[in-house]
Amino acid sequence: MMDSLFPKPSGLNLTLPESVDALARRARRLTTPCGEGEVVWHVWGQARDGVPPLVLFHGGSGSWTHFVRNIEALVAAGRELWVPDLPGFGDSAVSPLGGDADALVAPLCEGLRQLLGPRPCELLGFSFGGMTAGLLLAAHPELASRLILVGAPAMGVVPQRQFELKAWRHLPTPEAQAEVHRYNLAALMLHDPAQIEGLALQVHAANVVRDRLPRRRLAHTDILARSLPQVDCPVWAIYGAHDALYKSWITQLASAFEASARDFRGLTLIPDAGHWVQFERPEAFHAAVLAALA
């Protein structure tokens with residue numbers, strides 16, 4: 001394993017703290033094929049008889065570190081966690097099949113079958129990873145025994161995009177880039193502006209430089225709602241009450257899930273949280289996840 005799994009952005013102390021690198025080093029690091037490259041999987045915790053592996057898919061422009069505030073708590077609750085860097089993000093290669101969520105289905109399916117064999121997992125997907133999880137289980141429903149969607153887009157209830165992000169790669173200095181990162185975190189990811197500094201900004205800055213899927217478009221469609229009828233397992237949904245993807249339209253999510261998922265078990269809206277709900281309100285998020293897994 002590399003001494004550090006992340007590039008270290010310069011300027012304004014945007015390097016990741018040692019605790020994050022230490023958490024990465026505690027993981028078992030496995031790989032599965034992805035075109036001419038590989039998907040990198042990080043595994044924490046130990047397998048337990050009768051308890052399925054819990055697989056976490058991160059969001060767009062992210063990596064496993066979208067769950068940096070959740071891994072230790074979920075392992076302490078007795079779960080074995082399998083967290084890939086999705087193809088095109090983090091340490092994983094780009095899928096040769098394209099540059100959006102549908103191109104990730106085949107390499108992720110191959111990876112899960114190689115690593116877990118015939119065992120179904122329990123699958124949780126955040127944001128873009130939730131949409132990807134829905135597409136994966138629509139095509140291969142045998143892979144999971146339950147699905148938890150966190151802040152997932154593409155449910156077909158939003159008439160127009162609710163936010164705009166600013167470009168940053170062209171900016172000449174780390175300070176100028178960091179200002180745009182702050183703006184984008186506030187526009188999309190976090191409800192509480194006080195949470196933007198520190199770890200959130202450090203994680204975001206380290207992740208976005210490794211996003212190699214810049215032309216993703218499926219999140220702005222209703223593809224998840226159209227995929228859920230093909231998903232066999234029970235489905236739960238967890239969102240921050242102030243999720244920037246939906247804003248006032250979030251009140252329509254429960255009925256949208258009930259109309260599309262065969263076995264919808266309920267929507268939890270976590271107060272005082274935005275899109276990156278598992279980072280912003282980790283304790284409330286853990287309670288909602290463990291209730292869904294019970």
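**Reading a helix and a pocket**

In helix α4, the buried residues (under 20% relative accessible area with a 1.4 Å probe, protein chains only) are Phe128, Gly129, Gly130, Met131, Thr132, Ala133, Gly134, Leu135, Leu136 and Leu137.

Modeller: Bear in mind that this is a predicted model, where local features need pLDDT of at least 70, side-chain atom pairs count only at pLDDT 80 or more, and totals for chains, interfaces and linings use all residues. Numbering starts from 1 along each chain as its sequence is written, and side-chain values use heavy atoms, without hydrogens or water.

Colleague: Okay, why is α4 said to be largely enclosed by the rest of the structure?

Modeller: Ten of its twelve residues are buried, so α4 has the rest of the structure around most of it. Those buried residues pack (heavy atoms within 4.5 Å) against β3 (54–57), α3 (105–116), β5 (121–126), β6 (144–150) and α7 (223–227).

Colleague: And where does aspartate 49 sit?

Modeller: In the loop between β2 (37–44) and β3. Aspartate 49 is exposed (over 50%), with a relative accessible area of 83%. Its C-alpha is separated by 52 Å from that of threonine 173, 124 residues apart along the chain.

Colleague: How do I read empty space?

Modeller: Rolling a probe the size of a water molecule over the atoms shows where space is left empty. Here, 40 residues line the largest pocket, and Phe163, Leu165, Leu188, Arg216 and His220 lie nearest its centre. A pocket is an open set of points on a 1 Å grid over the protein atoms alone, where a 1.4 Å probe fits, with protein on both sides within 12 Å along at least five of seven lines; lining residues have an atom within 4 Å of a point.

Colleague: Which helix gives the most to that lining?

Modeller: α5, with three residues.

Definitions and conventions
Helices (H or I, at least four residues) and strands (E, at least two) are DSSP runs, numbered from the N terminus.
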